Amino acid sequence: IMYKIREIPYGQAKYPKHQTLIKKVLKEKKITQRKLADGTGIARSTISEIVSGVQVDMLMRTAKNIANFLECSLEELFGEQK
């Protein structure tokens, strides 16, 4: 089986919308990644990957845990940037 690796132009973020929205909410609510990890029970390394945009494929349960902890909707965290 061969897998095709998605090509991304040099210097372009993989998932800039996801990265920006979560970072923005954390900053607005003055919540650290550590506090988010502790409050949701999600590993700090996983939170770091989600916030940085490295990992965007996650279980719905994980996304809902993050949204519930931050008291916002999934749309606010993962929706289109306005």
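Is the crossing of H2 and H4 right-handed or left-handed? Right-handed, for this pair. One caution before I go on: this is a predicted model.

Let me stay with that pair. Two packed helices are described by the angle between their axes and the distance between the axes. Take both for our case. The axes of H2 and H4 come within 10 Å. They cross at roughly 110°. Angles of 65 to 115 degrees count as roughly perpendicular, so that is what H2 is to H4.

Who touches whom? From H2, the contact residues are Lys35, Leu36, Gly39 and Thr40. They meet Asn65, Ile66, Phe69 and Leu70 of H4. Sort this contact by class and you get four nonpolar, three polar and one charged residues.

Now the core. The largest nonpolar one has 15 residues. Among those with the most contacts inside it are Leu36, Ile66 and Leu70, names you just heard in the helix contact. Ile22, Leu26, Ile47 and Leu77 are also on that list. Which elements give two or more residues to this core? Four helices do: H1, residues 16–28; H2, 33–40; H3, 44–52; and H4, 60–70.

Last stop, Phe78. Phe78 sits in helix H5, which covers residues 74–78. Buried or partly exposed? Its relative accessibility is 22%. Buried means under 20%, so Phe78 counts as partly exposed. In sequence, Phe78 and Ile22 are 56 residues apart. In space, their C-alpha atoms are 7.6 Å apart. And Ile22, remember, is one of the core residues with the most contacts.

Definitions and conventions: Residues are numbered from 1 along each chain as its sequence is written. This is a predicted model: local features need pLDDT of at least 70, side-chain atom pairs count only at pLDDT 80 or more; totals for chains, interfaces and linings use all residues. Side-chain values use heavy atoms; hydrogens and water are left out. Buried means under 20% relative accessible area, exposed over 50%, partly exposed in between (1.4 Å probe, protein chains only). A nonpolar core is a set of buried Ala, Val, Leu, Ile, Met, Phe, Trp, Tyr and Cys residues joined through side-chain atoms within 4.5 Å. Axes are lines fitted to C-alpha atoms, for helices over the stretch in contact, and angles run from 0 to 180 degrees between N-to-C directions. Angles under 35 degrees count as roughly parallel, over 145 as roughly antiparallel, 65 to 115 as roughly perpendicular and the rest as oblique. A crossing is left-handed if the near helix is turned anticlockwise from the far one by less than a right angle, and right-handed if clockwise. Contact means heavy atoms within 4.5 Å. Ala, Val, Leu, Ile, Met, Phe, Trp, Tyr, Cys and Pro count as nonpolar, Asp, Glu, Lys and Arg as charged, and the others, Gly among them, as polar.
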